[in-house]
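Student: I would like to learn how to read a fold from its coordinates. Could you walk me through one example, feature by feature?

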Amino acid sequence: MSNEMKGTVMEYVTVVPAYGRDYKSAKEVREGYAAGHDFLVQSFGRGGYVNKDDHPAGVTLQVRYRRLERVVLIGKGKGFECQYCGGDTTECRRAAELNAPCGA
Ligand SMILES: [Zn+2]
């Protein structure tokens, strides 16, 4: 964990693919996210849709996929946006340090 991340309160929000869409792999989820696909917010007390463009900084999306059996995390840290997929995962940050694609 970098110093920058210490003390940052990350919020987790559960979402599912919107409009009956499904993804078969984490890679597909990240590609969909990067392409601006909408996700339906499932967390209690919240609602509506979220996508890459209105994903609040400091919020990590827990995206359910493959018939909701699996989860992939797509975070968005304050001040970091992956050049490759627009997200913020451990892989994204590592890839950014290496100036390489994140594999999303
Ligand atoms: Zn990435």
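Student: Let me start with a helix. What do the buried residues of H1 pack against?

Tutor: A good way in is to list the buried residues of a helix and then look for their contacts. This is a predicted model, and in it the buried residues of H1 pack against E4 and E5. Those residues are Ala26, Val29, Arg30, Gly32 and Tyr33. Down the axis of H1 they fall within an arc of 160°, so they line one face of the helix.

Student: How does helix H1 lie relative to those strands?

Tutor: Here you look at axes. H1, residues 26–34, lies across E4 and E5 and runs at about 40° to E5. Just after H1 comes glycine 36, with a positive phi of about 90°.

Student: Let me step back to the whole chain. How many helices and strands are there?

Tutor: Counting elements comes before arranging them. The protein has two helices and five strands, and along the sequence they follow the pattern β-α-β-β-β-β-α. Of its 104 residues, 28% count as buried. Among contacts with a separation of 6 or more, 44% are between residues 24 or more positions apart.

Student: In what order do the five strands sit in the sheet?

Tutor: Order in the sheet has to be read from the pairing. Here the sheet is open, with the order E3-E2-E1-E4-E5 and mixed pairing. Strand E3 (49–50) and strand E5 (70–76) stand at the edges with a single partner strand each, so one side of each has no neighbour in the sheet.

Student: Which strand pairs with E4 in the parallel sense, and which runs antiparallel to E4?

Tutor: For each pair, check the direction and then the bridges. Strand E1, residues 11–17, pairs with E4 in the parallel sense over five bridges; one bridge partner in E4 is glutamine 62, which goes with threonine 14. Strand E4, residues 59–65, runs antiparallel to E5, and seven bridges join them. Leucine 61 stands opposite isoleucine 74 in E5, and tyrosine 65 stands opposite arginine 70 in E5.

Student: How many residues lie between the strands of the E4 and E5 hairpin?

Tutor: When you meet a hairpin, look at the backbone angles of its connection. This one has four residues between the strands, and arginine 66 takes a positive phi near 50°.

Student: Where else does a residue other than glycine take a positive phi?

Tutor: For each such residue, I would note the angle, the place in the chain and the burial. Tyrosine 19 has a phi near 60° and lies in the loop between E1 and H1. With 9 other C-beta atoms within 10 Å, tyrosine 19 is exposed. Asparagine 99 also has a phi near 60°, and its place is in the segment after helix H2 (90–98). Asparagine 99 has 7 other C-beta atoms within 10 Å and is exposed.

Student: Now the interior. Which residues touch the most other members of the largest nonpolar core?

Tutor: A core can be read as a network, with its best-connected members as landmarks. This core has 16 residues, and Val29, Val63, Val72 and Cys85 touch the most other members. H1, E4 and E5 are the elements that give two or more residues to the core. Leaving out residues up to four places away in sequence, cysteine 85 touches Arg30, Tyr33, Ala34, Cys92, Cys102 and Ala104.

Student: Is cysteine 82 buried or exposed?

Tutor: Count the neighbours. Cysteine 82 sits in the loop between E5 and H2, and it counts as buried because 23 C-beta neighbours lie inside 10 Å, where the cut-off is 20 or more. Beyond four places in sequence, its contacts are Gly87, Asp88, Cys92, Ala96 and Cys102. Cysteine 82 and cysteine 92 are 10 residues apart in sequence, and their C-alpha atoms are 5.8 Å apart.

Student: Over which residues does pLDDT stay under 50?

Tutor: Where pLDDT is low, the predicted coordinates should not be read in detail. In this model, pLDDT stays under 50 over residues 1–7, which have two contacts beyond four places in sequence. For the protein, the mean pLDDT is 84, and 88% of residues reach 70 or more.

Technical notes: Residues numbered from 1 in each chain as written. Predicted model: local features only at pLDDT ≥ 70, side-chain atom pairs only at ≥ 80, totals over all residues. Buried ≥ 20, exposed ≤ 12 C-beta atoms within 10 Å, placed from the backbone. Contact = placed C-beta atoms within 7 Å. Pairing = 2+ DSSP bridges. Axes fitted to C-alpha atoms, helices over the stretch in contact; angles between N-to-C directions. Core = buried A, V, L, I, M, F, W, Y, C linked by C-beta atoms within 7 Å. pLDDT = per-residue confidence, 0-100. Arc of directions from axis to C-beta.
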